[in-house]
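Reader: I would like a close look at one part of this protein. Please take a single strand and walk me through what surrounds it.

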Amino acid sequence: MELAVLVVGEPAVPGVAVVGAAAPADALAAVRALRPQVVLVDADAGPAALHAVETLAAELPELPVVGTGTGPELVLDVVRAGATGYVLRSDPALVEVLRAAAAGGPAFGEGLAERALDAAARSVGGAVDAAPRLTERESEVLRLVVEGLTARQIATRLVLSPRTVENHIQRTLRKFDVPGRAALVRYAIEHGLA
């Protein structure tokens with residue numbers, strides 16, 4: 001099944017069914033008209049692109065929005081604006097990242113989640129004091145979720161059962177009061193938690 005993508009800005013997306021393209025100012029209207037599975041926003045388009053991400057995240061929080069650009073320097077800005085993830089335009093895994101976002105998972109190109117976490121930690125001076133406390137194991141699991149690993153992959157790495165990993169993830173979702181893994185990754189990055 002082809003992935004239906006709305007492109008906001010200029011990036012070319014080989015390998016996916018682009019259902020439409022829109023300028024950042026027209027993103028919300030285009031999404032409502034075309035009903036894509038995921039939106040790819042060209043972060044290099046400047047403040048208008050970040051505003052489009054904010055608007056889409058606020059109006060349609062269930063719709064995955066992935067930022068893209070020529071470099072990694074905008075990853076934290078895009079995630080803070082509400083994007084599900086970020087991928088470099090030249091990344092050969094761009095289509096896989098979009099599919100991960102459409103499936104409700106974290107959607108980052110290689111190394112970009114870590115870069116966003118590092119930038120968030122520097123900008124807030126570490127974890128926010130008001131954030132709920134995680135156990136050491138929950139923190140380990142959260143860090144691996146942010147890296148994009150599945151429960152089975154996390155279980156293998158930490159020598160746990162997949163069910164135990166899922167329990168840790170569910171407890172973490174409840175602690176931070178977020179609806180799913182993509183929102184959990186966004187929350188962790190914004191607050192420098194993983």
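Author: Here is a look at strand S4 and its surroundings, followed by a helix and some charged pairs. The model is predicted.

Start with burial. Strand S4 spans residues 65-69, and five of the five are buried, so the strand is largely enclosed by the rest of the structure. In a regular strand, side chains alternate between the two faces of the sheet. Here both faces are covered. Val65, Gly67 and Gly69 are buried on one side. Val66 and Thr68 are buried on the other.

Now the neighbours. S4 pairs with strand S3, residues 38-42, in the parallel sense. Four bridges join these two strands. Valine 65 of S4 stands opposite valine 39. S4 also runs parallel to strand S5, residues 85-88, again over four bridges. Valine 66 has glycine 85 of S5 as its bridge partner.

Helices connect these strands. S3, helix H2 (residues 47-59) and S4 make a right-handed β-α-β unit. S4, helix H3 (residues 75-81) and S5 make a right-handed β-α-β unit too.

Next, helix H1, which packs against S3. H1 covers residues 27-34, and its buried residues are Ala27, Leu28, Ala30 and Val31. Seen down the helix axis, they fall within an arc of 165°, so they line one face of H1. Ala29 and Ala33 are exposed on the other side. The buried residues pack against strands S1 (4-8) and S2 (17-22), as well as S3 and H2. Arginine 35 follows H1, with a positive phi near 50°.

Last, the charges. Side chains of opposite charge can pair when their charged atoms come close. The whole structure holds eight salt bridges. One of them joins arginine 89 to aspartate 42, at 2.6 Å from N to O. Arginine 89 sits in the loop between S5 and helix H4 (94-102), and aspartate 42 in strand S3, 47 residues apart. Aspartate 42 is buried, at 6% relative accessible area. Arginine 89 counts as partly exposed, at 28%.

Arginine 89 also meets aspartate 44 in a salt bridge, at 3.1 Å from N to O. Aspartate 44 lies in the loop between S3 and H2 and arginine 89 in the loop between S5 and H4, so this pair ties together parts 45 residues apart in sequence. Aspartate 44 is partly exposed, with a relative accessible area of 34%. Asp42, Asp44 and Arg89 are thus linked in a network of salt bridges.

Terms used
Residues are numbered from 1 along each chain as its sequence is written. This is a predicted model: local features need pLDDT of at least 70, side-chain atom pairs count only at pLDDT 80 or more; totals for chains, interfaces and linings use all residues. Side-chain values use heavy atoms; hydrogens and water are left out. Buried means under 20% relative accessible area, exposed over 50%, partly exposed in between (1.4 Å probe, protein chains only). Two strands pair if DSSP finds at least two bridges between them. A crossover is right-handed if, with the strands pointing away from the viewer, the path from the first strand over the helix to the second runs clockwise. The arc is that of the directions from the helix axis to the C-beta atoms. Contact means heavy atoms within 4.5 Å. A salt bridge is a side-chain nitrogen of Lys or Arg within 4 Å of a carboxyl oxygen of Asp or Glu.
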